[in-house]
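Colleague: Got a minute to go through this fold with me? I'd like to start with the sheets and then see how the helices pack.

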Amino acid sequence: MMKGTYCVLDDEKDFLTVAAGELKKFLPDMNGIFTTDSDEAIDLAGNDKPVIFIIDIVLGGKTGMEIYQRISAVSKKVRVIFITGDENFVNDENIRNQILLEGSIDLMEKPIKWHELAIKVKNNMQLLLYQCDLENIVAERTQQLIHADRLATVGTMISSIVHEINSPLTFIKANQEMCRYAYENVKKAASHEEVVSIFERLIVPSVDESLKGIERIEDLLNSFRRFYKRDDTVSEVNFADLFAEVKNLTAYNMRRGNINFTTEIAKGAPKKIVCKKQELIQVITNIVNNAVDAFEESAGIVKKELKIVVSGTDSMANIVVSNNGPEIPKYVMERIFEPFFTTKKAEKGTGLGLSISKQILKFMGGTMYVENKSAKHPTVDFIITIPITYNA
């Protein structure tokens, strides 16, 4: 069905009546507006929708060109076909050149050949709609590039932060290990049982806990470094290792939200996948973080569960990320993979996560869709299907 609107602006009501009858016959799928009021035409342009205007060059005390100048100042999604009953305008090369410079499609002489006019309206509306679609795509891609640049900046910052944290962490770890070494020497040399007991009851457990905490911080920092470092390497990855990275990146949110996060590789499922590891981690982490946000915005879920299950064949893997959070509203489901669509506050998200994730999977030869929670289906499932062998 043809979209868009055309508007005929003329000061002769009889002409508008004929125009309405003829153009509606030839353009039944388009919205036609017929008016003698130039302000109405200008207001129509203010809706910022694609419109083809058909304007008489002479309108009482005004000129059609002046009115179209005002219209085109309001919106760039408009085009015009000028019409006239004066053959002098049609034959005047200066006037024809001037209207073309104003962006006119054509100048047509009355009596109008309605079929010809309808073809010009339809063809130019198709071009206008195509142009608008391209401009929208360019705008979306520009915003994605801006966001990607911000992520790159964040990656650089995190790299610096990781380095700054690693430096003091190294000597803290060394000091703790020295304490552990000192204890072993004291234990061998000391004869006083109470001294040894104090070490074993109070000092050694604290040192061991500190060392475990330091190892946890090191693992987390390494996960951040790998996640934000641009890496286009295609390699064979164990699903278990991949999920361990996702767990590292989301561990704080899981603890804070009291969410039980588990992973499972089903019997007979592939254990490995050839892929761009960091990109697949990005996809799964985005889905997991969205589930965490959904849990935060809901109440009454006592036991929060988030699970990743891998199944599949020798050639394809199915990765299902499921949660028992709230059902996704219908209006959200309809637009869930649309760039910049989000129901979150500005500080919580940009609406690009799932859109980019789907694009990443597409480049890998994979797909993703959502199965919503319902009376018969207890979880919200994001289902990824992806080749085991990387498809560039």
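Modeller: Sure. One thing to settle before we look at partners: two strands pair if DSSP finds at least two bridges between them. Also, keep in mind that this is a predicted model.

Colleague: Fine. How many bridges join strand 1 to strand 2, then?

Modeller: Five, and strand 1 (residues 5–9) and strand 2 run parallel. As one example, Leu 9 has Thr 35 of strand 2 opposite.

Colleague: What does helix 2 touch when it packs on the sheet?

Modeller: Helix 2 (residues 38–45) touches strand 1, strand 2, strand 3 (51–56) and strand 6 (78–84). Its direction makes about 160° with that of strand 1.

Colleague: And helix 5, which strands does that one touch?

Modeller: Helix 5 (residues 93–101) packs on the sheet against strand 6 and strand 7. The angle between its direction and that of strand 7 is about 145°.

Colleague: Let me get the whole sheet straight. What's the strand order?

Modeller: It's 2-1-3-6-7, an open sheet of five strands with parallel pairing.

Colleague: Which strands stand at the edges?

Modeller: Strand 2 (31–35) and strand 7 (104–109). Each has a single partner strand, so one side of each is left without a neighbour in the sheet. On average, neighbouring strands here are turned by 15° against each other, ignoring direction.

Colleague: New topic: how many aromatic pairs does the count come to?

Modeller: Four. Take Tyr 68 and Phe 82: their ring centres are 6.2 Å apart and the planes are at 85°, so that pair is edge-to-face.

Colleague: Where do Tyr 68 and Phe 82 lie?

Modeller: Tyr 68 is in helix 3 (residues 64–74) and Phe 82 is in strand 6, so the pair ties together parts 14 residues apart in sequence.

Colleague: Okay, further along the chain. In which sense do strand 9 and strand 11 pair?

Modeller: Parallel, over seven bridges, with strand 9 covering residues 259–265 and strand 11 covering residues 304–312. Phe 261 sits opposite Leu 306 of strand 11.

Colleague: What about strand 11 with strand 12, parallel or antiparallel?

Modeller: Antiparallel, again with seven bridges; strand 12 is residues 316–323. The two form a hairpin with three residues between them, and Val 309 has Val 320 in strand 12 as its bridge partner.

Colleague: Now the helices. At what angle do helix 8 and helix 9 pack?

Modeller: About 20°, with the axes of helix 8 (residues 239–257) and helix 9 (residues 277–296) 9 Å apart. Angles under 35 degrees count as roughly parallel, and helix 8 and helix 9 are therefore roughly parallel to each other. The crossing is right-handed.

Colleague: Which residues meet there?

Modeller: On the helix 8 side they include Leu 242, Phe 243, Val 246 and Leu 249, and on the helix 9 side Leu 280, Ile 281, Ile 284 and Val 288 are among them. By class, the contact has 10 nonpolar, four polar and four charged residues.

Colleague: And helix 9 with helix 11, is that crossing left-handed or right-handed?

Modeller: Left-handed. Helix 9 and helix 11 (residues 353–363) pack at about 145°, and their axes are 9 Å apart. Among the contact residues are Leu 280, Val 283 and Ile 287 from helix 9 and Leu 354, Ile 356 and Ile 360 from helix 11. That contact divides into seven nonpolar, five polar and one charged.

Methods:
Residues are numbered from 1 along each chain as its sequence is written. This is a predicted model: local features need pLDDT of at least 70, side-chain atom pairs count only at pLDDT 80 or more; totals for chains, interfaces and linings use all residues. Side-chain values use heavy atoms; hydrogens and water are left out. Axes are lines fitted to C-alpha atoms, for helices over the stretch in contact, and angles run from 0 to 180 degrees between N-to-C directions. Helices (H or I, at least four residues) and strands (E, at least two) are DSSP runs, numbered from the N terminus. Angles under 35 degrees count as roughly parallel, over 145 as roughly antiparallel, 65 to 115 as roughly perpendicular and the rest as oblique. A crossing is left-handed if the near helix is turned anticlockwise from the far one by less than a right angle, and right-handed if clockwise. Contact means heavy atoms within 4.5 Å. Ala, Val, Leu, Ile, Met, Phe, Trp, Tyr, Cys and Pro count as nonpolar, Asp, Glu, Lys and Arg as charged, and the others, Gly among them, as polar. Rings of Phe, Tyr and Trp (its six-membered ring) pair if their centres lie within 6.5 Å; planes under 30 degrees apart count as stacked, over 60 as edge-to-face and the rest as tilted.
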